[in-house]
Amino acid sequence: MTDDVNSSERLSPLQQRLGHRRVVWVVLALAFVLSVPSLGVGLLGDDLPQAEFLSAQREGASTQPWWDMFVLVSGPQAHNEALRTLGQLPWWTAPDLRVAFFRPLTVVTHLLDHLCWPRAPWLMHLHSVAWYLAACALVWVVARRLSSNATAAGVASLAYAAAFGHHVPVAWLAHRNGLVSAVFSLLTILAHDRWRRDQDKRAGWLAPVALVAALLAGEAGVVTLTFVTAYALVLDPGSRQSRALSLIPSVAVVIAWRAAYDLLGYGAVDSGAYLDPVGDPAAFLAELPPRYLALSAFSVSPPVIHQIPVLLWWLVTLVLLGLLAVFVARVNRPCARFGVLAAGLGCIPLTASLPFERLLILTSFGVALAWGELIDAWLLGRSTKWLARAGAVLVVAVHLVASPLAFFVRSLDFRALHEVEDTFQKKAWPGTPEMEGKTVVVVHTFHYLGVEYLLRSLRADGRPAPAELWVLHAGSEPPDIERLDDHTLELRAGQGWPAGPVTAFWRDPGLAPFVVGDHISTRCFDAEIMEVDAGKATRVRFHFEEPLDSPSRAWIQWHSGLHRKVNPGIW
């Protein structure tokens, strides 16, 4: 691609503006405006235990090394059982569960926050926004080198900055690792291109170093290898042998990283949310098709918001997938083929996690490159058929109009979307003075993650809080409840335990199945598994040491769209 707008005398004013170097400032301004609402989000969800971890590190009160902030469940069995007994893990947690991530480079950024501005969450969020701006700037630089012309590069950069799925890693501090990893991944791609295209030997050394940094920021850094592979297959100007040899440094880095990762004891075991493609390839392959389908759909789809009917969302998504496939097959734009191939390959390792849009922070760069080429060829070009132009208009409407609007609105509402107070009947809210010091038992909840962090959230805000909070069942369908005696409840759940992908984080019924007769003891109750189906407990008997009617206990149940306080006598 030329250094600036190609053959500007033949381009429309719009093409010239989109291809001008100054468009990078438009890209950064767009990214910043979309991100500004996140400055007021504060701490929520996973941010709370991470803040406790970092505070303990700052005060020298932690027994864990500073780089273990992303060790969510460390194991071994005795440790998990102790945490389960105390209620710090749900009662259905697998005994050998381990979900431990090694992200020391990202942890350093959080340590900086808690050393410099520990009581200013808005500055922590501004720090995350800075990483997003860095990623957007690098996208523009790399797109200028890879795209067929400057106009396509400008459009691709705008599409990346406006991508709806980026709002989570920008607005949620606990997901900053995706931004940090993406920045170093983009540096890797840039350096690799300079090495191969410009014969810059220093860039050849920089690329694997940047890849190491991407992997130390987050496991998603492994997706960088798919971009390097796609580059060798589509864009690399060298011979076949030279292109194959160019992959050796990146492959060696990933192999060495994975070996060290395993040696240090990191990874996932017995979790239904996170799978280990190396440690348990069978489980990974079993979940790969549905997760890959979801990630592929999210890669091109309209924003995932409840205002869009599901059927319409899928219809538009399938049309966009079809447009992309036709464009790549029929139009000679190598950058589009590179972007689609890199994104398609990149979604494979991402299926090791539950499929969420936030995972696509790097693969969305590949898709943005393809959108830039499509819009340039089919909409801004002068000799395009009306059907192709209509398809390009749809892409613009979804990814350059609807997506940034939804990004901004969702960022404005981000904290409200994760608050659970509105889901509680007023007298059932655990943050009332009447609940302070009590043991709250949530018999059934639809919103497990919100309830799980409720105690931490109340205490962090300095509000009244119960002494303990326990959840018996979580899922979209309520269990049948039977009171056997003054100390015992029996729950029957068609969905079982765990009831869905979220609660399966703590136990994969295929890897760690329940068995009839299993006993789980906590300091609030003992749970006995009475019936099992496909590894899931479907009937569980809960025996409480204190009477169910004890005034020291409050009972809450999700019913008719709210968490409501209930009298155990109704069972």
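Between domain 1 and domain 2, 5 residue pairs are in polar contact, both residues of each pair being at pLDDT 80 or more. A polar contact is a pair of N or O atoms within 3.5 Å; within protein, one must be able to donate a hydrogen and the other to accept it, and residues adjacent in sequence count only if both atoms are side-chain atoms. On the side of domain 1 that touches domain 2, helix α3 (residues 47-59) gives the largest share, with 3 residues. Helices are DSSP runs (H or I, at least four residues), numbered from the N terminus, and strands are such runs of E with at least two residues.

The model is predicted: local features need pLDDT of at least 70 and side-chain atom pairs count only at pLDDT 80 or more, while totals for chains, interfaces and linings use all residues. Residues are numbered from 1 along each chain as its sequence is written, and side-chain values use heavy atoms, with hydrogens and water left out.

## The two domains

The domain assignment divides the protein chain into domain 1 (13-67 + 102-413) and domain 2 (420-570); such bounds come from an automatic or database domain assignment. Taken over C-alpha atoms, the centres of domain 1 and domain 2 are 37 Å apart. At their interface, 14 residues of domain 1 are in contact with 12 residues of domain 2, where contact means heavy atoms within 4.5 Å.

About 1,000 Å² is buried between domain 1 and domain 2, and carbon and sulfur atoms give 64% of this area. Buried area is the accessible area (1.4 Å probe) that two parts lose on being put together, summed over both. Of the area that domain 1 buries against domain 2, Leu48, Asp270 and Gly272 supply 41%, more than any other three residues.

The interface of domain 1 and domain 2 also holds 1 salt bridge. The term denotes a side-chain nitrogen of Lys or Arg within 4 Å of a carboxyl oxygen of Asp or Glu.

## Salt bridges

Side chains of opposite charge can pair when their charged atoms come close. In the whole structure, 22 salt bridges are found. Four of the pairs are set out below.

| Basic residue | Acidic residue | Closest N to O distance |
|---|---|---|
| Arginine 456 | Glutamate 52 | 3.1 Å |
| Arginine 176 | Aspartate 113 | 2.7 Å |
| Arginine 196 | Aspartate 236 | 2.7 Å |
| Arginine 291 | Glutamate 287 | 3.9 Å |

The salt bridge of arginine 176 with aspartate 113 has its closest N and O atoms 2.7 Å apart. Because arginine 176 lies in helix α9 and aspartate 113 in helix α5 (residues 104-116), this pair ties together parts that are 63 residues apart in sequence. Arginine 176 is buried at 0% relative accessibility, and aspartate 113 is buried at 1%. Here buried means under 20% relative accessible area, exposed means over 50%, and partly exposed lies in between (1.4 Å probe, protein chains only).

Arginine 196 forms a salt bridge with aspartate 236. Arginine 196 belongs to helix α9, whereas aspartate 236 sits in the loop between α11 (224-234) and α12 (240-246), so the pair ties together parts that are 40 residues apart in sequence. Arginine 196 is buried at 10% relative accessibility, and aspartate 236 is buried at 7%.

Arginine 291 and glutamate 287 are 4 residues apart in helix α14 (residues 281-300), and therefore about one helical turn separates them. Arginine 291 is buried, with a relative accessible area of 4%, whereas glutamate 287 is partly exposed at 34% relative accessibility. Elsewhere, Glu490, Arg492, Glu531, Arg539 and Arg541 are joined into one network by salt bridges that share partners.

## Serine 181 in helix α9

Helix α9 (residues 176-198) also contains serine 181, which is buried at 3% relative accessibility. Its side chain reaches the backbone oxygen of alanine 214 at 3.0 Å. A polar atom of the side chain of serine 181 lies 3.3 Å from the backbone nitrogen of glycine 221. Apart from neighbours within four places in sequence, serine 181 is in contact with Ala214, Ala217, Gly218, Ala220 and Gly221.

## Cysteines

The structure holds 0 disulfides, a disulfide being a pair of cysteine sulfur atoms within 2.5 Å. For cysteine 335, the closest cysteine sulfur is that of cysteine 136, at 17 Å, which is too far for a bond. For cysteine 347, the closest cysteine sulfur belongs to cysteine 335, and the distance of 17 Å is likewise too far for a bond. Cysteine 335 is buried, with a relative accessible area of 2%, and cysteine 347 is buried with a relative accessible area of 2%.
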